[in-house]
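Take a walk through this fold, strand by strand and then residue by residue. Keep the structure open as you read.

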Amino acid sequence: MDLREYSKFANSTFRYCPPKCFELSGKSFELQMDDGYDMVISFADTTLEWNYLAKEPTAPQQETYECRKIDDTTYFVSYNLHDVTPKQNNVLVIDLEQMLVTIMIAKIGTNPRWPYLITTEFVFGAIKQEGVPYQHYPRHCFTDDVTGNLVKWQYSPSMATVHCYHDPKWYRITYPRDAREQQSSGTNVVREAMKKLPSSDEPADYIKIKDGIYLISITEQNMEKLLGAEVGFRSDNMCFLDNFKTCMNVGRGFGTITNADGEDRDVFLFLGAYGRIVDEDENEAYKQMMHDPIPFTV
């Protein structure tokens, strides 16, 4: 018997994704957001309800969500808004240790020149506590803590990438060639397409959640502008909650895939990885990644 039959998904990008977390089910939070749009969000097993608290509160809206944990008290939640134009995905980092919350809003279709382009914005806030008066600080925050680091993320036995956090607003990527890692055909397509770009630089945001834990958002804007449907992936946004104490992450991808027939398919997937901090002196390519100028900026 070939035991590989029991491991059909061994090389899938989903291989190291942790299981869904249902610990928030039955819980409700009032979120005091810095943009002034406070909201209540209530969780069931697979759905959530949310509504804004304003002078005229909005009716509750229900969405399907998924949740993952990165430590005992920090939750990564994501859901798509249905029947909304432009398309929108929300990511919530719910931090029950510090009773803080960060919401990332990703939208497809706000740019008339590049309709597949994804834009992101972040809103910081706190979780209301009974008997505790409102305070406008502290908050999760943008940071350059991660700048200057290289991390090899292993998503499955045969799928790995090296992320280069060389600038507080940018990142770079490469796909390591390893005799033990037979890269997928999809990865090879991306690798070959990226050779046509001035560099693999893409916009990134780095947000400190707590000591050792960071929310990192990466949006493939330059690839979309220069290559369009050639790669298939259209300006995907990859958002990760990284725990550098354990060197593990959880995350989600949001965007669009255009197939060879020109048909579009929505992307909404969850993934996870084990990481290893890489020394730039391991090879010349890593050193070059860390120090090359960004060709997309003056």
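What follows goes from the barrel to a set of hairpins, then to a helix and the cysteines. The model is a predicted one.

Start with the barrel. Eight strands close it, in the order β1-β2-β3-β4-β5-β6-β7-β8. Their pairing is antiparallel. Neighbouring strands of this sheet are turned against each other by 30° on average, with direction ignored. In general, strands of a sheet pair through backbone hydrogen bonds, either parallel or antiparallel.

One pair within the barrel order shows the register. Strand β5 covers residues 74–81, and strand β6 covers residues 87–95. Eight bridges join β5 and β6 in the antiparallel sense. Look for Tyr-79: it stands opposite Asn-90 in β6.

Now move along the chain to β10, β11 and β12. Strand β10 spans residues 149–156, and strand β11 spans residues 159–167. The two run antiparallel and are joined by seven bridges. They form a hairpin, with two residues between them. To fix the register, find Asn-149, which stands opposite Tyr-165 in β11.

The next turn repeats the pattern with β11 and β12. These strands also form a hairpin, with two residues between them. Strand β12 takes in residues 170–174, and four antiparallel bridges join it to β11. Here His-163 stands opposite Ile-173 in β12. So how covered is β11, which pairs with β10 and with β12? Strand β11 is mostly covered, with eight of its nine residues buried.

Pause at Gln-154, which lies in strand β10. Its relative accessible area is 16%, so Gln-154 is buried. The polar side chain still has a partner. It reaches the backbone oxygen of Ser-156 at 2.8 Å.

Which elements does helix α3 pack against? The buried residues of α3 pack against β10, β11, β12 and β17, the last covering 264–278. The helix itself runs over residues 284–291, and its buried residues are Tyr-286, Met-289 and Met-290. Seen down the axis of α3, these buried residues fall within an arc of 95°, so they line one face of the helix. The face turned away from that buried side carries Glu-284 and His-291, both exposed. At the start of α3 there is a further contact to check. A side-chain oxygen of Asn-283 reaches to within 3.0 Å of the backbone nitrogen of Ala-285.

Finish with the cysteines. A disulfide is a covalent bond between the sulfur atoms of two cysteines. How many disulfides does the model hold? The count comes to zero, with a cut-off of 2.5 Å between the sulfur atoms. Cys-67 is in no disulfide. The nearest cysteine sulfur to it belongs to Cys-21, 4.2 Å away. Cys-67 is buried, with a relative accessible area of 1%.

Why does Cys-247 form no bond with the closest cysteine sulfur? That sulfur is in Cys-164 and lies 15 Å from the sulfur of Cys-247, which is too far for a bond. Cys-247 is buried as well, with a relative accessible area of 13%.

Note on methods:
Residues numbered from 1 in each chain as written. Predicted model: local features only at pLDDT ≥ 70, side-chain atom pairs only at ≥ 80, totals over all residues. Heavy atoms only, no water. Buried < 20%, exposed > 50% of the residue type's maximum accessible area, 1.4 Å probe, protein only. Pairing = 2+ DSSP bridges. Arc of directions from axis to C-beta. Contact = heavy atoms within 4.5 Å. Polar contact = N/O pair within 3.5 Å; in protein donor to acceptor, adjacent residues only side chain to side chain. Axes fitted to C-alpha atoms, helices over the stretch in contact; angles between N-to-C directions.
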